[in-house]
Amino acid sequence: MREELKTRIDGDKSQVFCIWRHRWVRLTPEEWVRQQFLHHLVEELAYPSGRIGVEVAIHVGDVSKRCDAIVYDAYMRPWMLLEFKAESVALTQRTLDQAAVYNRKLKAPYLILSNGPKTIAACVTENRIEFLNELPHYSVPGS
């Protein structure tokens with residue numbers, strides 16, 4: 001059974017409680033997609049909640065960026081990079097390129113793009129991206 005997300009109104013702003021950041025955050029359309037997707041990974045696909053990082057800071061060249069979410073393997077190495085968009089935002093080559101730039105630094109074997117209704121999953125090797133029909137199962141050595 002899926003647990004309901006905790007939401008509230010603070011002043012005139014809607015907020016959702018992010019269990020990964022341990023705080024209330026503004027409930028934007030992109031944040032709604034992120035929270036729904038991450039809860040799906042944990043509650044329905046048995047991904048370990050403690051191996052998910054949200055809004056993870058990375059440096060790409062001289063620029064500081066934030067990854068929407070990262071799932072780590074048992075050794076806390078990036079295993080999956082997740083990029084979220086609001087439902088109203090199409091997943092395009094530009095979205096994939098954004099995730100790929102982040103992943104040059106992280107070297108996660110999986111990239112996931114989602115806007116809620118549409119999800120693109122890919123396996124990344126050194127010189128190619130193979131698109132997948134479903135999300136990978138979380139089972140890595142040492143997990």
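The exercises below work through the sheet, one helix and the largest pocket of a predicted model.

**Exercise 1. Find the order of the strands in the open sheet, and explain why one side of β4 and of β9 is left without a neighbour.**

Step 1. The open sheet has six strands, in the order β4-β5-β6-β7-β8-β9, and its pairing is mixed.

Step 2. β4 (52-60) and β9 stand at the edges, and each has a single partner strand, so one side of each has no neighbour in the sheet.

Step 3. From one strand to the next, the twist averages 35°.

**Exercise 2. Describe how β5 is joined to β6.**

Step 1. Strand β5 covers residues 63-72 and strand β6 covers residues 78-84; the two run antiparallel and are joined by four bridges.

Step 2. To locate a bridge, start from Ala-69: its partner in β6 is Leu-82.

**Exercise 3. Trace the chain from β7 through β8 to β9, giving the pairing and the connections.**

Step 1. β7 (residues 110-114) pairs with β8 (residues 119-124) in the antiparallel sense, over five bridges. Tyr-110 has Cys-123 of β8 as its bridge partner.

Step 2. Four residues lie between β7 and β8, which form a hairpin. In the turn, Gly-116 has a positive phi of about 100°.

Step 3. β8 also pairs with β9 (residues 129-132), again in the antiparallel sense, here over four bridges. Ala-122 stands opposite Phe-131 of β9.

Step 4. The connection from β8 to β9 is a hairpin through four residues.

**Exercise 4. Check whether the span of helix α1 agrees with its number of residues, then list its buried residues.**

Step 1. Helix α1 (residues 29-43) has 15 residues; at 1.5 Å a residue, the helix should span 21 Å.

Step 2. The end C-alpha atoms of α1 are 21 Å apart, which agrees with the expected span.

Step 3. A residue counts as buried when its relative accessible area is under 20%. In α1 the buried residues are Glu-31, Val-33, Arg-34, Gln-35, Phe-37, Leu-38, His-39 and Leu-41.

**Exercise 5. State the volume of the largest pocket and describe its lining.**

Step 1. The volume of the largest pocket is about 180 Å³.

Step 2. Its lining consists of Ala-100, Asn-103, Arg-104, Lys-107, Leu-111, Val-124, Thr-125, Glu-126, Asn-127, Arg-128 and Ile-129.

Step 3. Helix α2 (residues 93-106) supplies the largest share of this lining, with three residues.

Step 4. Sorted by class, the lining of the largest pocket has four nonpolar, three polar and four charged residues.

Key:
Residues are numbered from 1 along each chain as its sequence is written. This is a predicted model: local features need pLDDT of at least 70, side-chain atom pairs count only at pLDDT 80 or more; totals for chains, interfaces and linings use all residues. Side-chain values use heavy atoms; hydrogens and water are left out. Two strands pair if DSSP finds at least two bridges between them. On a 1 Å grid over the protein atoms alone, a cavity is a set of points where a 1.4 Å probe fits but cannot get out, and a pocket is an open set with protein on both sides within 12 Å along at least five of seven lines; lining residues have an atom within 4 Å of a point. Grid points are joined across faces, edges and corners, and a volume is the space filled by probe spheres set on the points. Ala, Val, Leu, Ile, Met, Phe, Trp, Tyr, Cys and Pro count as nonpolar, Asp, Glu, Lys and Arg as charged, and the others, Gly among them, as polar. The expected span of a helix is 1.5 Å times one less than its number of residues. Buried means under 20% relative accessible area, exposed over 50%, partly exposed in between (1.4 Å probe, protein chains only). Axes are lines fitted to C-alpha atoms, for helices over the stretch in contact, and angles run from 0 to 180 degrees between N-to-C directions.
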